[in-house]
Amino acid sequence: MNSFREFPRFNFTPYPRPEIHNFSQELEDVLKALAGSSAEHCLLIILHFSGHADKEGGLYWYSPAGKRVKERQVTGGQLSHLISTSDGKGGKILTAIDLFFLNACSTLAAGLQLHRLGVRAVVCWANPVRDGTAREFVERFYRAVRARPGDYSYAFGMACGEMDKLLREALPCLLQQPGGVAEMWDGVKLV
């Protein structure tokens, strides 16, 4: 967990119909923010995807016409490659990402690929999740992150604890570095 002297605000950029170039742009913005930050102002870099995924965990990006199409699907491998090559050195952005939240059905495979790449913390879903459940989980999770910035185990535990009954079918997962710990919604930890 990073130490933070200041946690001023969340910077949230919504994309109603995202395309992969939006994600690339966000990574460029992360590099700019890193270049402009000082040790006194630590940044909490969270990348968040909310949307839909297929049963293999491929995230759906939308075409300009707004239709879900298989060729616009982005896999965990493609995201990992984009992150590892985005700054030309393959490490500056990766070491800066505190959390990648994949808020879509069945994103555990993509989450594991990001985790293997070295992303410090990944929140994802092991199976299908209802939109309302996913939305409520995100709200509770980020409320807890705001209370304790960078403490994702705490935020995950709080969100799971508050939603225990709703999470019997939808299974959120927290994957963390170092040590490769995977924590399931019911507190079970896998190594």
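Biologist: Hello! In helix α5, how many residues apart are F137 and F141?
Modeller: Happy to help, and do keep in mind that this model is predicted. Helix α5 covers residues 131-147, and F137 and F141 both belong to it. They are separated by about one helical turn, because their spacing along the helix is 4 residues.

Biologist: Is F141 buried or exposed?
Modeller: A residue counts as buried when its relative accessible area is under 20%. For F141 that area is 0%, so F141 is buried.

Biologist: How is the ring pair of F141 and Y142 classed?
Modeller: The centres of these two rings are 5.4 Å apart, and the planes meet at 75 degrees. Planes over 60 degrees apart count as edge-to-face. The pair of F141 and Y142 is therefore edge-to-face.

Biologist: Thanks! And what about Y142, buried or exposed?
Modeller: Y142 has a relative accessibility of 16%. The cut-off for buried is under 20%, so Y142 counts as buried.

Biologist: Which residues form one aromatic cluster?
Modeller: Two of the members have already come up together: F141 and Y142, whose rings make a pair. F137 is in the cluster too. The full set is F101, W125, F137, F141, Y142, Y152 and F156.

Biologist: Last one: which residue lies over the face of Y154?
Modeller: Here a charge sits over a ring, and for Arg the atom that counts is CZ. The distance from the ring centre of Y154 is 3.9 Å. The residue lying over that face is R148.

Terms used
Residues numbered from 1 in each chain as written. Predicted model: local features only at pLDDT ≥ 70, side-chain atom pairs only at ≥ 80, totals over all residues. Heavy atoms only, no water. Helix = DSSP H or I, 4+ residues; strand = E, 2+ residues; numbered from the N terminus. Buried < 20%, exposed > 50% of the residue type's maximum accessible area, 1.4 Å probe, protein only. Phe/Tyr/Trp six-rings, centres within 6.5 Å; stacked < 30°, edge-to-face > 60°. Lys NZ or Arg CZ within 6 Å of the ring centre and 35° of its normal.
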